[in-house]
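Please open the structure in the viewer and set the side chains to be shown as sticks. The tour proceeds by selection, with a short account of what is found at each stop.

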Amino acid sequence: QVQLQESGPGLVKPSQTLSLTCTVSGGSITTAYYYWNWIRQSPGKGLEWIGYITYSGSTYYKPSLETRTSISRDTSKNQFTLQLSSVTPEDTAVYYCVRMEGYTYDTFGQGTQATVSS
């Protein structure tokens with residue numbers, strides 16, 4: 001059974017880059033045809049999709065976040081990483097890494113709180 005675990009600093013200063021890593025166990029991030037997503041939920045708001053990296057390494061981002069977002073992977077460690085630059089307090093949220101198969105999000109990490117504050 002695949003498991004996902006987010007990790008990263010809980011507090012980031014405004015204008016800095018938020019970097020979060022998702023470690024995957026029980027399955028490979030290169031297995032066809034899974035897509036590996038980052039999703040967040042801000043206080044009082046719904047889930048917001050940020051972007052994904054596919055089993056083959058292709059990436060796609062939410063257009064409104066694209067200029068600030070980068071998702072990469074380390075296949076030797078079975079990890080994928082989110083980098084969100086120039087953060088503001090609006091980026092404060094619980095961040096989830098999520099596996100998608102087809103059009104279904106089938107496995108979520110437990111989530112990690114990221115707070116942007118000086």
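Begin by selecting Tyr-34, Trp-36, Trp-38 and Phe-80, which ring pairs link into a cluster in this predicted model. Keep Tyr-34 in view and add Arg-99: the charged end of Arg-99 sits over the ring of Tyr-34, 4.0 Å from the ring centre.

Next, consider the aromatic pairs of the whole structure, of which a search finds 10. Select Tyr-52 and Tyr-60: their ring centres are 6.1 Å apart and their planes stand at 40°, so this pair is tilted. Tyr-52 counts as buried, with 18% relative accessibility, whereas Tyr-60, at 45%, counts as partly exposed.

Move then to Tyr-105 and Phe-108. Here the ring centres lie 6.3 Å apart with the planes at 70°, so the pair is edge-to-face. Tyr-105 is partly exposed at 34% relative accessibility, and Phe-108 is likewise partly exposed, at 39%.

Finally, switch to a cartoon view and select the open sheet of four strands, ordered E1-E3-E8-E7 with antiparallel pairing. Strands E1 (3-7) and E7 (69-74) form the edges; each has a single partner strand, so one side of each is left without a neighbour in the sheet. On average, neighbouring strands of this sheet are turned by 20° against each other, direction ignored.

To close, select E7 together with E8 (residues 79-84): the two pair in the antiparallel sense over six bridges. Which residue in E8 is the bridge partner of Asp-74? Selecting Gln-79 shows that partner.

Notes
Residues numbered from 1 in each chain as written. Predicted model: local features only at pLDDT ≥ 70, side-chain atom pairs only at ≥ 80, totals over all residues. Heavy atoms only, no water. Pairing = 2+ DSSP bridges. Axes fitted to C-alpha atoms, helices over the stretch in contact; angles between N-to-C directions. Phe/Tyr/Trp six-rings, centres within 6.5 Å; stacked < 30°, edge-to-face > 60°. Buried < 20%, exposed > 50% of the residue type's maximum accessible area, 1.4 Å probe, protein only. Lys NZ or Arg CZ within 6 Å of the ring centre and 35° of its normal.
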